[in-house]
Amino acid sequence: MEIRTIRGVEDIIPPESEKFEKIVETFKSVVRLYGFKKVILPTFEDVTLFTRSVGETTDIVQKEMYIFEDRGGRKIALRPEGTASAVRAYIQHGVHAKEPFTKWFYIGPMFRYERPQAGRNRQFYQAGCEIFGIANPGIDAELIKMAETILKKLNIKYTLEINSIGCEKCRPDYKKKLIEYLSSKRESLCEDCKNRLERNPLRVLDCKNENCKKVAENAPFITDYLCNECKTHFEKVREILESLNVNFSVNPFMVRGLDYYTKTVFEFKSKELGAQSTVLAGGRYDNLIKELGGPKTPALGFAMGIERVMLLLKNNEKNRSGVFIATFGEKAYTEGLKIAEILREKGIYTEIDHRQGSFKSQFKTANRLNMRYVIIIGDEEVENGFYSFKCLETGKQEKIESLAELIARI
Ligand code: ATP
Ligand code: MG
């Protein structure tokens, strides 16, 4: 029997994986300009970490987590997201006591038992950033600007939505109003939302059910209930975003799918992705570190869905690069292997045809690999000490006398 990947889990093989690498490299190159350092976190954790941070009434905890008991009887969860682990590590290693503020990034697989569709997998990759220790709304705007720069560098078209979902001071008032409103529409809500209405009415605003979405359209705006602190914070974020030339719209119904957010939340979306439209999302979570046992520390972050960004990357014509060595005859082959090593030592991508096929088949391979140059070596060339050198881009072929000259040309 042929064994295949599990439903909702994907291999990413070349050339698709080249896109994955490009996204990761772009992400890293941008976040390093802002001082983010890589944190490497485990893919499985004590299940309580996620129930306590992501929230008991969220879809993630209620239906999407991969949970198992290990041989020692521990309750384990494959991580559904990265923030909880980053916060746990921040507390566990006492980082707050060592530095006034901390900027971390992570890249890795996340696991959620969801209905697989385009852009929705059960194992998927996120590249994310977390900032601990900064309360100033300026950093919210800067983080959003940085996320925008990543998407721009990848040539992705997006729209940005932001919102403020308040804090522990103002949210209770809003919750009350929301429960009043939702209770009057109770019959139209899905079973999940009926059940979580009283405990966590904000979840209804994030429900993917069509009827719940309709009910949500007429719900009261959270932005009308913000306390002065949250209101000023939100105003400042918008003001700085404008001064940084970031285009955005305020979506008063955006609450995100995780319970730990406070104040600023944001989502970068793409129309090209259909229902799975969010490519990058995040927000502030000023209470989470305290809730997980650390000192009260303001924090914020985001995560980008790498597979979703991959769906948006065009298969743009790749530039030719590298050197292909075509050899004919035993002596030429041995010489070719030596030259290949010399070129690689110089940092030049080099392939040699080990199958030693015909002239035609070697050129065909060079074209398939999208190489830029071909060096042709036959036994005659070895004996007389020259190389034939062809540029596949221009079609020009010439004789070259020495290796030094060859390297200079490339
Ligand atoms: P959605 O509303 O699409 O379910 P979410 O609110 O659950 O997204 P987050 O938990 O904020 O998403 O994760 C951040 C990003 O990770 C998302 O914007 C998306 O790009 C990506 N992502 C989330 N879940 C999946 C998944 N099952 N498959 C692929 N990518 C995902
Ligand atoms: Mg989700």
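This is a short dialogue about ligand 1 and three backbone features in a predicted model.

Tutor: Residues are numbered from 1 along each chain as its sequence is written, and chains are lettered from A and ligands numbered from 1 in the order in which they are written. In this predicted model, local features need pLDDT of at least 70, side-chain atom pairs count only at pLDDT 80 or more, and totals for chains, interfaces and linings use all residues, while side-chain values use heavy atoms, with hydrogens and water left out.

Student: What makes a residue part of the surroundings of ligand 1?

Tutor: A residue is near a molecule if one of its heavy atoms lies within 4 Å of it. Around ligand 1 there are 16 residues, and the closest are Arg 112, Glu 114, Arg 120, Asn 121 and Arg 256.

Student: Why is the pair between ligand 1 and the side chain of Glu 114 called a polar contact?

Tutor: A polar contact is a pair of N or O atoms within 3.5 Å (within protein, one must be able to donate a hydrogen and the other to accept it, and residues adjacent in sequence count only if both atoms are side-chain atoms). A ligand nitrogen sits 2.6 Å from an N or O atom of the Glu 114 side chain, so the pair qualifies. At 2.9 Å, a nitrogen of ligand 1 also pairs with a polar backbone atom of Asn 121. An oxygen of ligand 1 is 3.0 Å from an N or O atom in the Arg 308 side chain. Taken alone, ligand 1 exposes 580 Å², and the protein buries 93% of that (Shrake-Rupley method, 1.4 Å probe).

Student: Which strand gives the most to the shell around ligand 1?

Tutor: Strand 10, with 3 residues; strands are DSSP runs of E, at least two residues, and helices are runs of H or I, at least four, numbered from the N terminus.

Student: Why is Asn 155 called exposed, and Asn 370 partly exposed?

Tutor: Exposed means over 50% relative accessible area, buried under 20%, and partly exposed in between (1.4 Å probe, protein chains only). Asn 155 has 69%, so it is exposed. Asn 370 has 21%, so it is partly exposed. Asn 155 has a positive phi of about 60° although it is not a glycine, and so does Asn 370. Asn 155 lies in the loop between helix 6 and strand 7, while Asn 370 is in the loop between helix 15 and strand 14.

Student: Where is Pro 15?

Tutor: Pro 15 is in the segment before helix 1, and the peptide bond from Pro 14 to Pro 15 is cis, with omega near 5°.
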